[in-house]
Structures are given as C-alpha cells and as structure tokens.
Amino acid sequence: MHKETIKAEIRMKHGTVAAFEEAEGLPEGSVKDVLRGRSSARTEGAIANLLKLPMHKVFPRRYGTASSTKGDNTPHKRDAHRLSGQAV
C-alpha cells in the first residue's frame, strides 16, 4: 500500500497520526518511521489491524513474497550492468 493511503486511513479514523499512536500506545513518531522504511512489528501490526488487512498486504516488501534481486536467478538479473560493456 502507498504510505499516503495509509496515513489518510489513519487520519479518517483517528483525526491525526499522533492520536492513532496515542490510542495504540505506540511511541511518538513510530508511524512516520515505519512509513519511511524502518521496521517495527508492533507499529506495523497496529496499522494492519486498523486497515483490517494482513501485514503482508500492507507491507509486502517486509512480510510478503516480493522477491529480492539478490536471490533472483533469472537471466536478466544475472547479467552485468548495461554500462559495463558485458551486458547482452
């Protein structure tokens, strides 16, 4: 999900992100931190519960099956960078 969509949902249900954090007993700024890429299972879980979605739907890069290019063995991912002169 897009972070602006998540913030909009939080604001529609709690008025402000800070009010959501307070209501859930989360540290101040924790939603901002999570939406910027920091991991916090507690905050991510509270956001997923609010949205009534599983965590892998809200945060697919952390909890989903989105593959990393590091473990991707497809031919295109194994090729050298196009500027190195060795790419196909």
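**Helix α4, the nonpolar core and the largest pocket**

Residue E44 is located in helix α4 of this predicted model. With a relative accessibility of 2%, E44 falls under the 20% limit and is therefore classed as buried. When residues up to four places away in sequence are set aside, the contacts of E44 comprise V34, R38, S39, M55, F59, R62 and Y63.

Helix α4 also takes part in the largest nonpolar core, which contains 15 residues, and within which I6, I10, F20, V31, I47 and V58 touch the most other members. At least two residues of this core come from each of α1 (3-14), α2 (17-24), α3 (30-35) and α4 (41-51), and the greatest contribution, five residues, is that of α4. For I47, once neighbours within four places in sequence are excluded, the residues in contact are I6, I10, F20, V31, V34, V58 and F59. In soluble globular proteins, nonpolar side chains tend to be buried together.

V34 and F59, each of which is in contact with I47 and with E44, recur in the description of the largest pocket, whose volume is about 300 Å³. This pocket is lined by 14 residues, of which V34, L35, G37, F59 and R61 lie closest to its centre. Two or more lining residues are provided by each of α1, α3 and α6 (60-63), with α6 giving the most, namely three. In terms of residue class, the lining of the largest pocket consists of seven nonpolar, five charged and two polar residues.

Definitions and conventions: Residues are numbered from 1 along each chain as its sequence is written. This is a predicted model: local features need pLDDT of at least 70, side-chain atom pairs count only at pLDDT 80 or more; totals for chains, interfaces and linings use all residues. Side-chain values use heavy atoms; hydrogens and water are left out. A nonpolar core is a set of buried Ala, Val, Leu, Ile, Met, Phe, Trp, Tyr and Cys residues joined through side-chain atoms within 4.5 Å. Buried means under 20% relative accessible area, exposed over 50%, partly exposed in between (1.4 Å probe, protein chains only). Helices (H or I, at least four residues) and strands (E, at least two) are DSSP runs, numbered from the N terminus. Contact means heavy atoms within 4.5 Å. On a 1 Å grid over the protein atoms alone, a cavity is a set of points where a 1.4 Å probe fits but cannot get out, and a pocket is an open set with protein on both sides within 12 Å along at least five of seven lines; lining residues have an atom within 4 Å of a point. Grid points are joined across faces, edges and corners, and a volume is the space filled by probe spheres set on the points. Ala, Val, Leu, Ile, Met, Phe, Trp, Tyr, Cys and Pro count as nonpolar, Asp, Glu, Lys and Arg as charged, and the others, Gly among them, as polar.
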